[in-house]
Structures are given as C-alpha cells and as structure tokens.
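These are my notebook entries on a structure that was new to me. I set down each item as I looked it up.

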Amino acid sequence: MKKTKPSKRTRTKQTFNPDKNVRTLITPEGIDLRLRIADGGARVGAFVIDLFIMIITLIAITYILSYSTSGMDDTGEEIIIAVWLLFAFFLRNFYFMFFEMGTKAATPGKMLMNTRVANRQGGHLKANAVFARNALRELEFFLPLAFLLSAMFGFNQGVEGWLVWLGLIWSFIFMLFPLFNKDRLRAGDLIAGTWVVKSPKPILSKDLAGASKPLGRYIFSQKQIDAYGVKELHVLENVLRKSDPKTIKEVTNRIMIKISWPEPVKTDDNNARREFLNAYYSALRGRLETKLLFGVRRTDKFDKR
Amino acid sequence: MTGISLKSHKFRLDREDDWKQLEVLLKRLENRSIRSLTDAEMIALPALYRATLSSLSVARATSLDQDVISYLESLSTRSYFAIYGNQMRMTSRIKHFFQVGWPRAVQNLTKETIASALIMFLGALLAYVLVRTNMDWYFSFIPESLMDTRTPASTTIELRETLYHSGDESGLTAFASFLFSHNARIAILAFALGFAFAIPSVVLILYNGCTLGAFVALFVDKGLGFEVGGWLIIHGATEIFAIILAGAAGMNIGWSLAFPGKKSRMEAASSAGSEAAIVLGGVVIMLFLAGLLEGYGRQLITNDFIRYIVGFSTLGLWLAYFYMPREIDEWNVEDTGELS
C-alpha cells in the first residue's frame, strides 16, 4: 500500500501539465501547442542584452558623428547634432518596436534567449500591440531610472528628496510588475494583450532506439523490462543524451542491480555500458509504447499496470 | 525485443523528411519573407505544416521519445507563428494606418479627447488668472529651464525680442529635433502613465496647461497678447493637440483598467491599450511635424497674421482629417483593425 500512494500523486502531476510554465494555445487545426512562458531569467537576460546593444550603438554613433564633424562648418555640425538627437530618440523608443514587428517578433536579445512576443489570444501579433507594449517601457524602465538618478545625484534634501524617494518606490512597482503574476506579464504586456513565450530552435537528435548496433547481445526478460515506467525511461533518455561517463556508470550499476542482470559488469568499459543502457532503453521503450497503444501509460516504476 | 523494429522509430523515419523540409522552408520564411518562397513551395508549406501538426499529435499519443516530441512542438510552434503571423507588407500597413486606423482610433477617443482638452484648458485658465493677479505665481508654474529672459522682470522689448528671435538662422535644425524628441518623450510618458489609473496622465496634462497659461499671462501683462498668440498657435495647433491626444490615450487606458465594465480587466486593458497605441503612434508623427513648425516655421515666419493663418489652417486640417465623416464602406474594410 505504501508504494501505491506516491504513484497516484505523481501520476496526476505527470500527465497533466508537467511544467507550470505551460500554457494552452489551440491552433485553428485543433492541436494544443503547449506554449511555454519565458521565465524571468530569460526576460531579464534578453533585456540586458538589448540594453547593451543599444548603448554600444549609441556610443559608436556618437563616436562616428563626432569624428565626422571635424573640419565642418557650423551648419554641418548643427545637422550632425540634429541627426544625433533624432537617432538617440529613435533608438530609445523604436529599437524594440522595429525588431518585434519583424517576422521573428523578437529583439536580438530575445532571439539569443530563444523567446518571442506573441498575442495572448493567439493569432496575429498586431503592430499596435507591439507599439503599446514598448511605449510602456517609458514608465517601467526609464521613469524609475530617472528617479534613481535624481535620488543619487540630484536634490535630496528636505521635501524634494522625500518626493524623489517616493517617486522611486512608486515607479518600482511598475518595474517589478512581472514578478507578481504567473504569466510574467510586464505592464506593457498587460496593456497590449501580449506575452513572451519560449520559441526554441527545433533540433532533432538521433533516435536512441534506432541506433543500429548489435543489440542482440542483450536480451531482457519480460520481468526485467517491467522494472521501470515512463518517468524512468525519460531519465534514462536524458542520461544517454548527455553521455557523461560517470553518470552512465552509476546508472548502469543501478539498473543491473534492479533487474538482477546476471552478467558480470565490465567496470572499465564505458562503451559497453553505453551499449547496455541503449539496449535496455530500446527494450523498455518498445514495451511501454506497446502498452501505450493499448491505452495504458505506465507513469513510473510504482505504477502496477 | 531487439528494439530495431520500434513502431515509434519507424514512424519517425517515415516522416522525418517532411519535417526537415518544413524546417528549411521555415528558416527562409523567418529570415526573409514570404516572397522568398517559390510558388511550389508556397503550395507545399501549409500541407507540410498540417502534416507536422498531425505528427505531433500522433507522437504525443504513441511515442515515448521526448526528443521527437519536443522537436515537433517547437517546429509546430514556430511554423504556427510564421504561417498565422502578419505577412502584410509594410507599405500597405502604413497606407491602412493613415487611411483608416489612425483617424478611426482618434474618433473612438472623442470623449477622452474632450476631457483631456478641458483639463488642459482648465489648467491654463487657472494659471492665467493666478499669474495675472499676482506675478509671483509665474515662478511656480514655469520651470527654470524655460525661463531664460522671459521673466516678469523683463521689459516689453526684451519679451518681444523672444517672440521674433530671428535673423540668426543657424541652430534651427538641432533646435527642431531637440523639441521633437523632448515633446515626444512627454507624450509617450503621458500615455504610459495612464496605466496608473489615469491620474498621473491627468496631472501631467493639467501641469502642461498651467505652464501654457502662465506663459500667456506674462505676455498679456506686457501688452503682447496678440503677438504671443501667433507665436504659440503656429506650432501649438499641432503640438498641443498632440499632447491632448496622448493624454486622452492614457486616460482611456486608465479608465478601462479602473472600470472595465462587462469585460474582464485584462481584456478591457488590452483592447483599450491597442486602440490607444494607434493614437500614440499618430501623436509621435504630429509632434515631428510640430517640431518642424516650431523649429523652422516659427523662427522664419515673423509676421503675426501669417502665423495665425498657418496655425489655424493646420488646426482645421487636423480636425477635418480626424473627424470628417467617411464613407461607411471604407470603415468596414478590414474592420478587425489587424493591419494597423
């Protein structure tokens, strides 16, 4: 009895939304894409990268423009200043909009973090939504920054100082907004009806079960195969894909003990262990998939089906 | 039990080519545009996409290979976004924005625009009355950076000089672009502050009105009322209108957050936000024009009557553009507002 209890708990957890960041998005074709919300780290990382790019660009432009003014008359210099002012404005306000309106719906920072902006309702990401979510950055980032700078360097004596601090606290509420909702929405996302989701590059690795090796050497009995469930299969898959010799050794030993593998272990041969694990993986997957076809998903080793 | 003949492995081998083909097309689609695909590829794309989606649902039901499932999930998600994403050309988006999107969004905000204009007018009136009764109020309304030589202590001649400062034409371009980026920042802030239940937007508009009123009061006090009117209206017709619209957009957001009505708060906020964003986009354009008018027009045109004529005609043009009734057909085209 003791063993069945945890199995029930894990079963509900496993089959229904294994990840709390998963959100349902049903395509018009009726398939749930199971979008993943970008986590806070990816969001901050992307923003820092973008900020860095913006600063570098601004410095580079300043440098180039100031270099090109040498030997110019007053009118030329003035045009350069005008160009710089406009450029700085557009960089600050339209950097994000420009990239997010593109086909990838992501700034360079977001591309690097493999995330993108998407419409919360599904369907098109409209240009005005991109505009709205980025206009709010003025409130979420630049206003707290301005308050912070004036709190640090400006007048901070008496009432004015207190007002600056109050303003700082007030504006930080907007900056920290994403921490207080489960979808990690910025104030801008809320207004625009958007969210930021993961959009990883599709990478297809080799099928572990398809690796045509002389697997005939390892023949497992029904009972030996039935030692594990889907959860363990997935752990085994990850171990094999990472291919770390130490972990492989440990896992091999554990499985051999669990299924009472009669053959003595060749302790110093990593390849032999890999082969063994691969064979066991294929056998286990075959067995579990057959069950799956008959409507039984054996979640883990405690599952008695 | 050798594992060679796993059904899920066969399944993968049979379909892998389709997936890879979709991956290639997708990469081209994302990196360039839909026009980089040939006709044959265009026809193949939706079929490959649907095949991949069906592979995904079969794999979820029958395969235990995590790698294949996560691959198919990310491939399907990317293709979904590429296929159902916006493939509108930039030129037609821009055309739609000017023809339909912008004036319609402004019309939808008529109530807020009137409120915003009244608040600004109220601020101006208040400051005007206060400054006329006691000049000391002037210093509370006008920030030092704007003051320059325009203080109550200045003589009428000095003040007149600031209205017709001309002759020296250099510096206009930089001045115009400074004015634009400064004003546009204020407008975006007025919009963004709407998020805090509109109150800061209202305060910002009121404060802008106060500055305006105090400014006019100073000049009227020295008998330069008519002249300052011309000085203001030549660019103010565009600039002040734009700031009023930005405030209206902010108020709309704040209002719908505070009083969402029948919709959920989130829905109300996002529908108000995307509508107001169109207005704000237009406001930036208006401020760009206002910057040109202020930087060049005002400095080069020093005749009061011409200033008034230019000011009133721009105001008339804006009002006609935004509020003139259009043919119904035109409004209903693309009624979803997707393009703008």
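**Chain B: overall make-up**

I began with burial in chain B: 46% of its 340 residues count as buried. I note here that the model is a predicted one.

I then looked up the secondary structure of chain B and found 14 helices and zero strands. Read along the sequence, the pattern is accordingly α-α-α-α-α-α-α-α-α-α-α-α-α-α.

For the contacts in chain B, I took those between residues at least 6 apart in sequence; 82% of them join residues at least 24 apart.

**Domains**

I looked up how each chain is divided. Chain B has domain 1 (7–84) and domain 2 (92–332), and their C-alpha centres lie 51 Å apart.

For chain A, the assignment gives domain 1 in two pieces, 35–136 + 186–198, and domain 2 as 215–293. I recorded 49 Å between the C-alpha centres of these two domains of chain A.

**Helix H1 of chain B**

I turned to helix H1 of chain B, which runs over residues 7–31 and has 25 residues. From its first C-alpha to its last it reaches 36 Å, close to the 36 Å expected at 1.5 Å a residue. I also recorded a bend of about 50° in H1(B), placed at B:Arg15.

Which residues of H1(B) are buried? I listed B:Ser8, B:His9, B:Arg12, B:Trp19, B:Leu22, B:Leu25, B:Leu26 and B:Leu29.

I then asked what covers the buried residues of H1(B). The cover includes helix H2 (39–62) and helix H3 (66–84) of chain B, and also helix H12 (270–293) of chain A.

**Nonpolar cores**

The largest nonpolar core has 132 residues, and within it B:Ala187, B:Ala214 and B:Leu280 touch the most other members. Helix H11 of chain B, residues 225–258, gives the most to this core, with 18 residues.

I followed B:Ala214 further, leaving aside its neighbours within four places in sequence. Its contacts are B:Ala127, B:Val131, B:Trp137, B:Tyr138, B:Phe141 and B:Ile142.

Apart from the largest core lies another, of 18 residues. I noted A:Tyr228, A:Leu233, A:Phe276 and A:Leu277 among its members.

**Two residues with positive phi**

I looked up A:Ala105, which has a positive phi of about 50° although it is not a glycine. A:Ala105 lies in the loop between helix H3 (74–100) and H4 of chain A. Is A:Ala105 buried or exposed? I entered A:Ala105 as buried, because it has 26 C-beta neighbours inside 10 Å and the cut-off for burial is 20 or more.

B:Phe197 is likewise not a glycine, and its phi is positive at about 55°. I placed B:Phe197 in the loop between helix H9 (172–193) and helix H10 (199–221) of chain B. B:Phe197 counts as partly exposed because it has 16 C-beta neighbours inside 10 Å.

**Confidence in chain A**

My last entry concerns chain A, where the mean pLDDT is 81 and 87% of residues reach 70 or more. Among its elements, helix H4 (residues 108–112) has the highest mean pLDDT, 94, and helix H1 (residues 4–15) the lowest, 41. Over residues 1–17 of chain A the pLDDT is below 50, and this stretch has 15 contacts in the model beyond near neighbours in sequence. I add a caution: where pLDDT is low, the predicted coordinates should not be read in detail.

Definitions and conventions. Residues numbered from 1 in each chain as written. Chains lettered and ligands numbered in written order. Predicted model: local features only at pLDDT ≥ 70, side-chain atom pairs only at ≥ 80, totals over all residues. Helix = DSSP H or I, 4+ residues; strand = E, 2+ residues; numbered from the N terminus. Expected span 1.5 Å × (residues − 1). Bend = angle between axes of the 7 residues up to and from the residue. Buried ≥ 20, exposed ≤ 12 C-beta atoms within 10 Å, placed from the backbone. Contact = placed C-beta atoms within 7 Å. Domains from an automatic or database assignment. pLDDT = per-residue confidence, 0-100. Core = buried A, V, L, I, M, F, W, Y, C linked by C-beta atoms within 7 Å.
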